[in-house]
Amino acid sequence: GMGLAGLVEATPEWNRELAERVGDLYPYRIEDVDAYRDGQIMVLSRLPIERAWIGPLAPATQQIGWIALRWQGRPLVIVVTHLKSPNYAASRSELQALATQGADAQSAGNRGRAQEVNALLLQHALAGLPGDLVVMGDFNGAPWSRVYRQLVAATGLDGRRQFRLSYPAWLPAALRAPIDHILGRGAIAVTHFRTGPALGSDHLPVLADLVWRKS
């Protein structure tokens, strides 16, 4: 298989541990790991990375990382991100970043929630990544949330089959929320979406198989 892993809220300790344990399985990676900043991202790959970028969508906003590679002879982009909790108000820098994208986006951002602003910034970023892609990460939103539904509709992501109870890991399954997602766009399809075993995080990992759609 392709062999990809995306992590959010990674730490320098996770980085060292992963290098020791799975470095041979995932020899290619990008990372932006800082012990003093939120939203750290790592993307690990078994396949060579042709192009990559990692960092904040705009100054002082949430991080994203993306890698471009070839799988089964076809180009594919993988994006890892982490939307903020709906409980936070948008910062001035987030609203300023959103204002550069036009009146419609600014109007939506006037509701003042950081998660909505982050989702709009992510929407803009995905529009700049043409072709087939996969987006994975902690959306801090269930499939029925407004932010999730608007993001999926605006970006062409396939939001089906995303109901997996992943957070918080220590609660019984019936009390967890489905806020972690792996979404495909274009000719790539996400199949067998599922949760994995507890690994020490407050989230259960989410896993999926990727297949090319039949043309």
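This report describes two sheets, one buried arginine, one exposed leucine and a set of salt bridges in the structure above. The model is a predicted one.

**The two sheets**

One open sheet is built from five strands in the order β4-β5-β6-β7-β8, and its pairing is mixed. At its edges stand β4, covering residues 51-56, and β8, covering residues 180-185; each has a single partner strand, so one side of each is left without a neighbour in the sheet. On average, and with direction ignored, neighbouring strands of this five-stranded sheet are turned by 15° against each other. Strand β7, residues 133-138, runs antiparallel to β8 and is joined to it by six bridges, and in this part of the sheet Val135 stands opposite Leu183 of β8.

Another open sheet has three strands in the order β1-β3-β2, here with antiparallel pairing. Its edges are formed by β1, residues 4-8, and β2, residues 28-32, and because each of them has a single partner strand, one side of each is left without a neighbour in the sheet. In this three-stranded sheet neighbouring strands are turned by 5° against each other on average, again with direction ignored. Five bridges join β1 to β3, residues 41-45, in an antiparallel arrangement, and Gly6 has Val43 of β3 as its bridge partner.

**A buried arginine in β8**

Arg185 belongs to the edge strand β8. What does the side chain of Arg185 reach? It reaches the backbone oxygen of Leu129 at 2.5 Å and the backbone oxygen of Gly131 at 2.8 Å. Arg185 is buried and yet has no salt bridge, since the nearest side chain of opposite charge, that of Asp132, is 6.6 Å away, while a salt bridge requires the nitrogen and the carboxyl oxygen to be within 4 Å. Leaving aside neighbours within four places in sequence, the residues in contact with Arg185 include Leu126, Pro130, Leu133, Thr155 and Leu157.

**An exposed leucine before β8**

Leu175 is placed in the loop between α5, residues 146-155, and β8. Its relative accessibility is 55%, and Leu175 therefore counts as exposed. Between Leu175 and Leu165, which are ten residues apart in sequence, the distance from C-alpha to C-alpha is 8.1 Å.

**Salt bridges**

The count of salt bridges comes to nine, and the table gives three examples.

| Acidic residue | Basic residue | Closest N to O distance |
|---|---|---|
| Glu94 | Lys84 | 2.8 Å |
| Asp158 | Arg161 | 3.2 Å |
| Asp158 | Arg213 | 3.3 Å |

In the pair of Glu94 and Lys84, Glu94 lies in helix α2, residues 92-99, and Lys84 in the loop between β6, residues 74-82, and α2, so the pair ties together parts that are ten residues apart in sequence. Glu94 counts as buried, at 0% relative accessibility, whereas Lys84 is partly exposed, with a relative accessible area of 29%.

Asp158 is buried, with a relative accessible area of 12%. Because Asp158 lies in the loop between α5 and β8 and Arg213 in the segment after β10, residues 206-212, their salt bridge ties together parts that are 55 residues apart in sequence. Both partners of Asp158 in the table are partly exposed, Arg161 at 43% relative accessibility and Arg213 with a relative accessible area of 35%. Asp158, Arg160, Arg161 and Arg213 are linked in a network of salt bridges.

How values were computed. Residues are numbered from 1 along each chain as its sequence is written. This is a predicted model: local features need pLDDT of at least 70, side-chain atom pairs count only at pLDDT 80 or more; totals for chains, interfaces and linings use all residues. Side-chain values use heavy atoms; hydrogens and water are left out. Two strands pair if DSSP finds at least two bridges between them. Helices (H or I, at least four residues) and strands (E, at least two) are DSSP runs, numbered from the N terminus. Axes are lines fitted to C-alpha atoms, for helices over the stretch in contact, and angles run from 0 to 180 degrees between N-to-C directions. Buried means under 20% relative accessible area, exposed over 50%, partly exposed in between (1.4 Å probe, protein chains only). Lys and Arg count as positive and Asp and Glu as negative; His and the chain ends are not counted. A polar contact is a pair of N or O atoms within 3.5 Å; within protein, one must be able to donate a hydrogen and the other to accept it, and residues adjacent in sequence count only if both atoms are side-chain atoms. Contact means heavy atoms within 4.5 Å.
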